[in-house]
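Please open the structure in a viewer and keep the selection panel at hand. The tour below moves from one selection to the next and describes what is found at each.

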Amino acid sequence: MTTEPEQPAPPALEPVEPGYKNVLRVRFLIFWLAIWAAATVFDRTALQDTEFAGFPTIAVFVVAAAGVLTAPQRIYARLHYRLTEKLLQVVRGWLFHVDTVVPLVRVQHIDVTRGPLEKIFGVATLVVHTAGTHNSIVTLPGLAPKRAAQIRDIIREHVRTDFA
Amino acid sequence: MSEPTSLDDAAVGPPEHLHPLFLLTGFAGSMRGMVGGYAGLGYLAVSGRLQTALFGAILLLLFMAAALLLYWKRFEYRVGENEIRIDSGIVNRTHRSIPFDRIQDVDITQGPIARILGLAKVKFETGGSAGEEVGVLQAILLGRAQELRTLVRSRRGQAVAVVAGMPAEKIPVDTPPIYAMDLKRLFLAGTFNFSLAVFAGLFGLTQTFGDVLGFDPFSRAFWLSVLSAGGPARDFIIAHQVAAAVAGAVLLVLIGIVTGVVRTVLTDFGFRLDRTGVGLRRRRGLLTRTDVTLPVNRAQAAVIATGPVRDRLGWRELRLQSLAKDEGSRGAHVVAPLASDEEVDDILDQLGWPPLPPSIGWVRVSRAYVGILAAAMAPLYVAAIANLVLVPPAGAAFVAALLAVIAVRFLAWSRTGYAVDGDRLLTRIGWWRRRITVLPARKIQSVDLRESFVSRLFGVSSLQFGVAGGGMTGHSIPAIPRGEARKLRDRLLGFAT
């Protein structure tokens, strides 16, 4: 399932950089390590004398391993974007699928951000702010830094400040 | 004090303080902000340490007074040639400058105490992220507030010279208001504002504080003891159980109506909407009088709300979603609490928006709107059945509640739809709280097309529109067949770009 069957005009939808998978993997790993550590401590202290002793440690480990091994690949495979002359479209998610379209003239300002993990794996996140109250911030992670800067420059041409 | 510019710079203007009486009016505000402190004191007092509690209370008061005095002393504003500067902060100083060009409007609010003292709170509306206290002068003289408003408007080069130099209360009233509420209308609106919130509040109190009152009117025992006390009354009630139930219901309705009327009179007394150079000017309020101008070109969307009864009688409430934020919690500006269709059209006309077409060709959303909810509640069915087996009465109530939820959703479905009227999107939702939203396509900031694993089974998506400002529950259309949703999105974005 690397492509969604219902997406329109597939050639125009671009995938993001494969490096983004690694960013996600490390993020998930850190997240689940914390959960697993907490579960283990809870197990050792609270459940030691009950019949559930050892259960959280193993169960959380299994869930965490499954999550870290499978989720990043899937999230990556379902994240696409498209930049046309007038629109930026970001398509993501499967269980909760969201297909966001932002007209470029509606963009208020743009950020390109890079965290430490993103720097290591050579990707950047494009953050587009609109005046909206709902989804006023649209993020597009996993872009090559050059591409992110390029998109930023394209959008910048369209940025206006009036609302009317 | 390290000011960013020298003190006697003419372009910046002389520093001004808040009115000294702010020390009085501001006290009420900081009293309200100290809820946690009261809880602590209350605990101390209840647990018998009265002296400690008293000492704490005095300390708290001193602390508040000192904080207030420091705030007042360290708060300065200057009215310059092109901007207003506000320097504030006791320890961390903030120097904020708000260019006149960026100020959308100046809101003037007067609470009851402030009205007696002739003070007003001034808020400079900027287009920026709303919600923050960006530019609020807590208490200055009303006259100065109106001067500021006039100044800001004239500096922005808007055609509001008519208002210049005139105190707000004495604007010539030759031009009749676009919309105003007389007393009759006010009370009618209050009746529709029927609310049993009082009971919810009472219920919450008795649940939280147990028998602070010495009795619990929500327990059976209380009523049994009340009834057993008076012989004749009890006999009467038992003999006329139906009559008693009816009387109780009537009382409930009466209390609900009175609550609604009181609330409405407090907020909407003397409601008046005028057309001014920049936009619509709204004045309302009995104790706290507010005076707000909504610039016409900042209006993002309109909501026409009504209920089943009001709808039948032809009454609507009109709210505007604007970039300027309301002082209240609602987020949207009520421009007409109770208006007829013609009055709504008049107000829309003042915004430069065409009236709603007399008959709107609503496209209904998919029946899946009901199905999705029914499917999403699947885990509850298991619980309901288990209940039915184990505790039949509770289980029956549970099942009835689930059925009621689905029935309500079905009623809502029958009224949920959308229509494209020229270059704007009309959406209609709700059966009990009926709403028609008018959203001009060029005000759409972004569009989300959403699917979840449940809605995918039904082949439907929901559309969610990002619109600037306002705190409304968002603009969305639930459960449209996938293909239609895409078509509608592309069509609306075609207008938007």
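Select B:I304 and, in strand β18(B), B:I436: the two residues stand opposite each other in this predicted model. Extend the selection to residues 299-306 of chain B, which form strand β12, and to residues 434-440 of chain B, which form strand β18. The two strands run antiparallel and are joined by five bridges.

Next, display the whole sheet around this pair. In chain B, seven strands form an open sheet in the order β14-β13-β12-β18-β17-β16-β15, with antiparallel pairing. Its edge strands in chain B are β14, at residues 333-339, and β15, at residues 363-364; each of them pairs on one side only. Strands of a sheet in general pair through backbone hydrogen bonds.

Now add residues 341-350 of chain B, which are helix α12. Helix α12(B) lies across β12, β13 (316-322) and β14 of chain B, and runs at about 155° to β14(B).

Move then to residues 35-46 of chain B, helix α2. How far apart are the end C-alpha atoms of α2(B)? They are 16 Å apart, which agrees with the 16 Å that 12 residues should span at 1.5 Å a residue. Helix α2(B) is hardly covered, as zero of its 12 residues count as buried. Select B:G48, which follows α2(B); its phi is positive, near 90°.

Finally, select chain B as a whole. Chain B has 17 helices and 21 strands, and buried residues make up 28% of its 497 residues. Among contacts in chain B between residues at least 6 apart in sequence, 56% join residues at least 24 apart.

Methods: Residues are numbered from 1 along each chain as its sequence is written. Chains are lettered from A and ligands numbered from 1 in the order in which they are written. This is a predicted model: local features need pLDDT of at least 70, side-chain atom pairs count only at pLDDT 80 or more; totals for chains, interfaces and linings use all residues. Two strands pair if DSSP finds at least two bridges between them. Helices (H or I, at least four residues) and strands (E, at least two) are DSSP runs, numbered from the N terminus. Two residues are in contact if their C-beta atoms, placed from the backbone, lie within 7 Å. Axes are lines fitted to C-alpha atoms, for helices over the stretch in contact, and angles run from 0 to 180 degrees between N-to-C directions. The expected span of a helix is 1.5 Å times one less than its number of residues. A residue is buried if 20 or more other C-beta atoms lie within 10 Å of its own, exposed if 12 or fewer, and partly exposed in between; C-beta atoms are placed from the backbone.
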